[in-house]
Amino acid sequence: MAPKKTQDVTETQAAVEALRAALDSAGIVFPSLRVDPASPELQLVELGRVRADVAVRLARALEKEPGE
């Protein structure tokens with residue numbers, strides 16, 4: 001069995017990759033998207049900064065109804 005810390009990092013990395021894939025399918029890139037290395041025990045995801053136009057595209061993508 002892997003140590004809990006390794007499992008947490010693996011789960012967090014999987015979350016990052018799932019989010020990156022979803023954003024990519026919407027044509028949105030978060031250049032700084034990554035696992036937060038400062039606090040692995042909290043399983044935080046670092047979203048980083050994005051330009052204003054990317055933030056607007058993200059907001060529009062989140063507003064869409066499922067199936068649109």
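Reader: Which residue's side chain meets that of Asp-53 in a salt bridge at 4.0 Å, N to O?
Author: This is a predicted model, and the pair is read from its coordinates. Both partners lie in helix α2, 4 residues apart, about one turn of the helix. The side chain that meets Asp-53 at 4.0 Å, N to O, belongs to Arg-57.

Reader: Which residues do salt bridges with shared partners join into one network?
Author: Take Asp-53 and Arg-57 first: their side chains meet in a salt bridge. Asp-53 also forms a salt bridge with Arg-51, with the closest N and O atoms 2.9 Å apart. Shared partners thus link one network, made of Arg-51, Asp-53 and Arg-57.

Reader: Is Arg-51 buried or exposed?
Author: Asp-53, its salt-bridge partner, has a relative accessible area of 37% and is partly exposed. Arg-57 is partly exposed too, at 33%. Exposed means over 50%. Arg-51 has 55% relative accessibility, so this residue counts as exposed.

Reader: How many salt bridges does a search of the whole structure find?
Author: Asp-53 takes part in one with Arg-51 and in one with Arg-57. Arg-20 forms a salt bridge with Glu-17. For the whole structure, the search gives 3.

Reader: How far apart are the closest N and O atoms of Arg-20 and Glu-17?
Author: Both residues lie in helix α1, 3 residues apart, about one turn of the helix. Arg-20 is partly exposed at 32% relative accessibility, and Glu-17 is partly exposed at 37%. Their closest N and O atoms are separated by 2.9 Å.

Reader: What separates the C-alpha atoms of Glu-17 and Val-35?
Author: Glu-17 sits in helix α1. Val-35 belongs to the largest nonpolar core. Along the chain the two are 18 residues apart, and their C-alpha atoms are separated by 9.7 Å.

Reader: In what order do the elements run from the N terminus on?
Author: The protein chain has 2 helices and 2 strands. Helix α1 covers residues 4–25. Strand β2 covers residues 45–46, and helix α2 spans residues 52–63. From the N terminus on, the order is α-β-β-α.

Reader: Why is Thr-12 called buried?
Author: Thr-12 lies in helix α1. Leaving aside neighbours within four places in sequence, Thr-12 is in contact with Val-35, Gln-43, Leu-44 and Val-45. Buried means under 20% relative accessible area. Thr-12 is buried because its value is 3%.

Reader: Which residues make up the largest nonpolar core?
Author: Phe-30 is one of its members. Leaving aside neighbours within four places in sequence, Phe-30 is in contact with Leu-23, Leu-47, Val-50, Val-54 and Leu-58. The core has 7 residues: Val-16, Leu-23, Ile-28, Phe-30, Leu-33, Val-35 and Val-54.

Reader: What separates the C-alpha atoms of Ala-55 and Phe-30?
Author: Ala-55 is in helix α2. Its relative accessible area is 36%, so Ala-55 is partly exposed. Phe-30 is in the largest nonpolar core. The two are 25 residues apart along the chain, with their C-alpha atoms separated by 9.6 Å.

Reader: Which residues form a nonpolar patch on the surface?
Author: Leu-47 is one member; this residue lies in the loop between β2 and α2. At 39% relative accessibility, Leu-47 counts as partly exposed. The patch has about 190 Å² of accessible area together, and its residues are Leu-19, Val-45 and Leu-47.

Reader: What share of the exposed area do carbon and sulfur atoms supply?
Author: Of the 68 residues of the protein chain, 18% count as buried. The chain exposes about 5,200 Å². Of that area, carbon and sulfur atoms supply 58%.

Reader: Among contacts between residues at least 6 apart in sequence, what share joins residues at least 24 apart?
Author: Contact here means heavy atoms within 4.5 Å. Phe-30 is in contact with Leu-58, among others. For the protein chain, the share is 44%.

Reader: Which element has the lowest mean pLDDT?
Author: The protein chain averages a pLDDT of 86, and 82% of the residues score at least 70. Where pLDDT is low, the predicted coordinates should not be read in detail. Among the elements, strand β2 has the highest mean, 95. The lowest mean, 86, belongs to α1.

Terms used. Residues numbered from 1 in each chain as written. Predicted model: local features only at pLDDT ≥ 70, side-chain atom pairs only at ≥ 80, totals over all residues. Heavy atoms only, no water. Buried < 20%, exposed > 50% of the residue type's maximum accessible area, 1.4 Å probe, protein only. pLDDT = per-residue confidence, 0-100. Core = buried A, V, L, I, M, F, W, Y, C linked by side-chain atoms within 4.5 Å. Areas by Shrake-Rupley, 256 points an atom, 1.4 Å probe, with all protein chains shown as cover. Patch = residues over 30% accessible without salt bridge, like charges linked within 9 Å, V, L, I, M, F, W, Y side chains within 5 Å.
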